[in-house]
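Trainee: I have the model open. Can we go through a few parts of it?
Mentor: Yes, go ahead.

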Amino acid sequence: MSETKANPILIVSTKNLSYVTGADFEGFWLLICENTIYVITSKMIEGQIVQAIKESKISPRHLNNNIRYKIEIVTADKYFADAVVDICSQKNIKELVVDITDVNYSIFQFLSGKLKEKEIILCADDKTLAEKRITKDDEEIKNVQVACDIVSEVFNTIKRKVVPGMTELDIHFEIEKEFAMRHVIQSFKTIVATGPNSANPHHSSGTRKVEEKDIVLIDMGCVYNGYCSDLTRTFFIGEPNEEYKKIWNTVKLAHDTALNEVKPGMNAADIDMFARNIIVNAGYGEKFIHTTGHGVGLDIHEAPSIGKKSKDTLSKNMIITIEPGIYLDGKFGVRIEDTVLVTENNFKTLTSAEY
């Protein structure tokens, strides 16, 4: 964000606040102006902010490296927007860039009205930080790798525990328990889908019991230091029938084919095409009903999109998923997903759970 000095920017989004400060809690806004970062908060959160700054849990990151920032805490009497206006007036700011990522519309309208009263121009922006977040630095990659190591370990543990008679919710809660034992939380609501339920890509774990000869799809992820992992595996209880094996092998081939094409400079749409063509040629094109993948970071779904309509191009240090699937209504579904780092020349698979 080398433009920070020239263009004051207000950040409201919890995830973007975490990105530029490292904070793992909410309840504050950030106004970055020249060499000063104003932390706008309430009396209720002020003590937590002070302590976090002392412990370097809040510190400038992913900003202009040429600027030595000082941090000032501003405690709002009532509305954060009033504090923003006061700072702008004191600093004679006539134009303020506002990061509108995930900003509630009513908050945006209220803030816009307050700024307009003081003839301060509001410039809405949802691209600056998103474009920075699309590639990861070494610390971010390390955090995602640890999250991937944990989710892979948990899956391997869970797979050995699944036996006929367990319900989807039984498996779901076992996963949550394993995450808790490793001091992490889930990065999204875990999906455990068995039998015909696996034909629904976003099934909610329910009371269906695993049968003697069955199929189990688990889509899971965890958060480590704010960064997410994403993993899906589909496996069999007992000896799989020929149709199970055919679909599973087709999806695995689509997964591996797309994965082996990951490298800097590759169009994301082409990665999707490589996976999709395998499934289309096998006669199941209409049963692949989602994109091949997405970016992963502070959010479980972020740029780039790995889909046939994507305009994104892969570059070094992007982290994405590869997750083709085939879903046969009323019968079963198969999805196989890994979290992947785009390296200097090709890729590194960050998840390592057994297939």
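Trainee: What do the side chains of Arg208 and Asp214 meet in?
Mentor: A salt bridge, with N to O at 2.8 Å. Keep in mind that this is a predicted model.

Trainee: Arg208 and Asp214, buried or exposed?
Mentor: Both Arg208 and Asp214 are buried.

Trainee: Which residues get joined into one network by shared salt-bridge partners?
Mentor: Glu153, Lys161, Glu174, Lys177, Glu178 and Arg182. Within that network, Arg182 bridges to Glu178, with 2.6 Å between the closest N and O atoms.

Trainee: And is Glu178 buried or exposed?
Mentor: Glu178 counts as buried because its relative accessibility is 5%, and the cut-off for buried is under 20%.

Trainee: What about Glu72 and Lys70?
Mentor: Their side chains form a salt bridge too, at 3.9 Å from N to O. The limit is 4 Å, so a distance within that value counts. Glu72 is partly exposed, at 32% relative accessibility. Lys70 is also partly exposed, at 45%.

Trainee: How many salt bridges does the structure hold?
Mentor: It holds 22.

Trainee: Why would such side chains pair at all?
Mentor: Side chains of opposite charge can pair when their charged atoms come close.

Trainee: New topic, helix 2. What span should it have, and what does the model give?
Mentor: Helix 2 covers residues 43–54, which is 12 residues. At 1.5 Å a residue the expected span is 16 Å, and the end C-alpha atoms are 17 Å apart, so the two agree.

Trainee: Which residues of helix 2 are buried?
Mentor: Ile45, Ile49 and Ala52. They lie on the same side of helix 2, because they cover an arc of only 65° around the axis.

Trainee: Which residues are exposed on the other side?
Mentor: Lys43 and Lys54 are exposed there.

Trainee: What covers the buried residues of helix 2?
Mentor: The cover includes strand 2 (28–33), strand 3 (36–41) and strand 4 (70–75).

Trainee: And what follows helix 2?
Mentor: Ser56, which has a positive phi, near 60°.

Trainee: Moving on to Phe235. Where is it?
Mentor: Phe235 belongs to strand 12, residues 231–237. With a relative accessibility of 4%, Phe235 counts as buried.

Trainee: What is Phe235 in contact with, leaving aside neighbours within four places in sequence?
Mentor: Phe155, Lys159, Val162, Asp214, Ile215, Val216 and Ile218. Asp214 also came up as the salt-bridge partner of Arg208. As for Lys159, it is 76 residues from Phe235 along the chain, and their C-alpha atoms are separated by 8.4 Å.

Trainee: Last one, the open sheet of three strands. What order does it have?
Mentor: The order is 7-10-11, with antiparallel pairing. Strand 7 (185–186) and strand 11 (227–228) are at the edges. Each has a single partner strand, so one side of each has no neighbour in the sheet.

Trainee: How many bridges join strand 7 to strand 10?
Mentor: Two, and strand 10 is residues 222–224. Ile185 stands opposite Val223 in strand 10.

Trainee: Which helix packs on that sheet?
Mentor: Helix 6, residues 138–161, which touches strand 10 and strand 11. The direction of helix 6 makes about 140° with that of strand 10.

Terms used. Residues are numbered from 1 along each chain as its sequence is written. This is a predicted model: local features need pLDDT of at least 70, side-chain atom pairs count only at pLDDT 80 or more; totals for chains, interfaces and linings use all residues. Side-chain values use heavy atoms; hydrogens and water are left out. Buried means under 20% relative accessible area, exposed over 50%, partly exposed in between (1.4 Å probe, protein chains only). Helices (H or I, at least four residues) and strands (E, at least two) are DSSP runs, numbered from the N terminus. The expected span of a helix is 1.5 Å times one less than its number of residues. The arc is that of the directions from the helix axis to the C-beta atoms. Contact means heavy atoms within 4.5 Å. Two strands pair if DSSP finds at least two bridges between them. Axes are lines fitted to C-alpha atoms, for helices over the stretch in contact, and angles run from 0 to 180 degrees between N-to-C directions.
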